[in-house]
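Colleague: I keep meeting words like "buried" and "salt bridge" and never know what earns them. Could you walk me through some?

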Amino acid sequence: MVGSSVASEIEKLAHQLGVPAEQLACLDPISPEQLRELRAQIGDALFEAERHRFTRMALLSKAVPVAVAAKVSEAVLPPLLAARTAELFDPHRAVEMVARMSDAYLANVAAAMDPSRSPEVVVAIPPERVALVGRELARRREWVVMGAFVSFVSPAALRAAVQVLTGEQLLRISFVLDDTNRLAEISELLSDRQVDQILQAAMRHELWRELDELVGELGDKHADRLAERLDVAGAEVCSAVTAAHAAGRLGDVAYGRLAR
Amino acid sequence: VSDRLSELLGTEPPAEIAALPDRTRAQLAQLVGAARAQQGRDLDMAFAAVIKTVPLPLRPIARRILGA
């Protein structure tokens, strides 16, 4: 299932702890649900360990003019601390701060943020800003971060972000989605070009695991669209899909839905 | 070892994590502890830097709020 695999959960956990995923190979036998629960526990623990200082920082941000707060934050606050402090902001103040920060810094903060801890802030960020930061995060290949934000951005922001991403980027993000409930919404937003890019990316970058999970998760309508695009994708892509299935890299279910 | 991880998390870890070998749980506790320590160091530096960076007229407020 997309986003629920052990591999993607370990990637998210590694990101949270600031270590390479390989360092957490010992967690391979753990179920995705339990890894997700552990990640939530660690997020809570890290926040609670310094809640008093995050609270002070948030109070200071409210006590000074917003322009000063944004400038000082960007100048001296490491993104991780800014992200955790933002959890204590009211959404209106957060949006005012966001408007005054650079895309690069905002991307750094987003990369350090657990959006599930401040959903009201995330949903209030304007679509055009989400798209700009999304493009920057994609340039940095922050798929895990982007996958976590998908659950919380507004529909308009999701549309704006999907428009600036390639099919390859969207395929990589789909693999680490925290919540697959918006997969249908994303699929509706895809252009034919992006769907074609998904298939080409699977072939060129060996993203069969990602494609397998995506196809398995899609509803019939969107899986049919992928199959239709595969029909016109050319011999090279079709052969690659067949070869991936023969090699066991693309499962029977996904192959059956693609190569109708 | 399980106590150390539980202590850092502030709760019992999920059942499958709790059932891991002692050594694995110890490794995990070490990683969580390192992340927490790093966060503490980053906050120390950030507090000091904020005081130096806010405009002079606002520094007394900043000191009072941050307790620095």
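Modeller: Here is a run through a few of those labels, one at a time, on what is a predicted model.

Colleague: Let's start with Arg39(A). Why is Arg39(A) called buried?

Modeller: Buried is the word for anything under 20% relative accessible area. Arg39(A) comes out at 15%, so the label fits. You'll find Arg39(A) in helix H2 of chain A, residues 32–49. Setting aside neighbours within four places in sequence, Arg39(A) is in contact with Glu9(A), Lys12(A), Leu13(A), Gln16(A) and Asp178(A).

Colleague: What makes the pairing of the Arg39(A) and Glu9(A) side chains a polar contact?

Modeller: The cut-off is 3.5 Å between N or O atoms. These two side chains are at 3.4 Å, so the distance passes.

Colleague: And how do you know that Glu9(A) and Arg36(A) form a salt bridge?

Modeller: A salt bridge needs the side-chain nitrogen within 4 Å of the carboxyl oxygen. Here the N to O distance is 3.2 Å, so it counts. The partners are 27 residues apart, with Glu9(A) in helix H1 (residues 6–17) of chain A and Arg36(A) in helix H2 of chain A.

Colleague: Which words describe the accessibility of Glu9(A) and of Arg36(A)?

Modeller: Glu9(A) is buried, because its 1% is under the 20% limit. Arg36(A) has 30%, which falls between 20% and 50%, so Arg36(A) is partly exposed.

Colleague: Why is Lys221(A) called exposed, while Glu188(A) is called partly exposed?

Modeller: Exposed means over 50%, and Lys221(A) has 57%, so that one passes. Glu188(A) has 46%, so it stays in the partly exposed band. The two form a salt bridge, their closest N and O atoms being 2.5 Å apart. Lys221(A) lies in helix H16 (residues 220–231) of chain A and Glu188(A) in helix H13 of chain A, so the bridge ties together parts 33 residues apart in sequence.

Colleague: What makes Asp192(A) and Arg229(A) a salt bridge?

Modeller: Their N to O distance is 3.5 Å, and the limit is 4 Å, so they qualify. Both also belong to a network of salt bridges that links Asp192(A), Asp196(A), Arg225(A) and Arg229(A).

Colleague: Now the two chains together. How do you know that chain B and chain A share a salt bridge?

Modeller: The count between them is one. Arg53(A) and Asp44(B) make that bridge, with their closest N and O atoms 2.7 Å apart, so the pair is inside the 4 Å limit. There are also nine residue pairs in polar contact across this interface. On the side of chain B that touches chain A, H3(B) gives the most, with 17 residues. That side divides into 23 nonpolar, seven polar and six charged residues.

Colleague: How much area do chain B and chain A bury between them?

Modeller: About 3100 Å², with 76% of it on carbon and sulfur atoms. In chain B, Leu31(B), Gln39(B) and Ile65(B) lose the most area to chain A, together 19% of what that side buries.

Colleague: What covers the buried residues of H4(A)?

Modeller: The cover includes helix H3 (51–63), helix H6 (91–99) and helix H7 (103–112) of chain A, together with H3 of chain B. Among the buried residues of H4(A) are Val66(A), Val68(A) and Ala69(A).

Colleague: Last one: how many disulfides are there over all chains?

Modeller: Zero by this rule. As for cysteines, Cys26(A) has 24% and is partly exposed, and Cys238(A), at 27%, is partly exposed too.

Conventions: Residues are numbered from 1 along each chain as its sequence is written. Chains are lettered from A and ligands numbered from 1 in the order in which they are written. This is a predicted model: local features need pLDDT of at least 70, side-chain atom pairs count only at pLDDT 80 or more; totals for chains, interfaces and linings use all residues. Side-chain values use heavy atoms; hydrogens and water are left out. Buried area is the accessible area (1.4 Å probe) that two parts lose on being put together, summed over both. A polar contact is a pair of N or O atoms within 3.5 Å; within protein, one must be able to donate a hydrogen and the other to accept it, and residues adjacent in sequence count only if both atoms are side-chain atoms. Helices (H or I, at least four residues) and strands (E, at least two) are DSSP runs, numbered from the N terminus. Ala, Val, Leu, Ile, Met, Phe, Trp, Tyr, Cys and Pro count as nonpolar, Asp, Glu, Lys and Arg as charged, and the others, Gly among them, as polar. Buried means under 20% relative accessible area, exposed over 50%, partly exposed in between (1.4 Å probe, protein chains only). Contact means heavy atoms within 4.5 Å. A disulfide is a pair of cysteine sulfur atoms within 2.5 Å.
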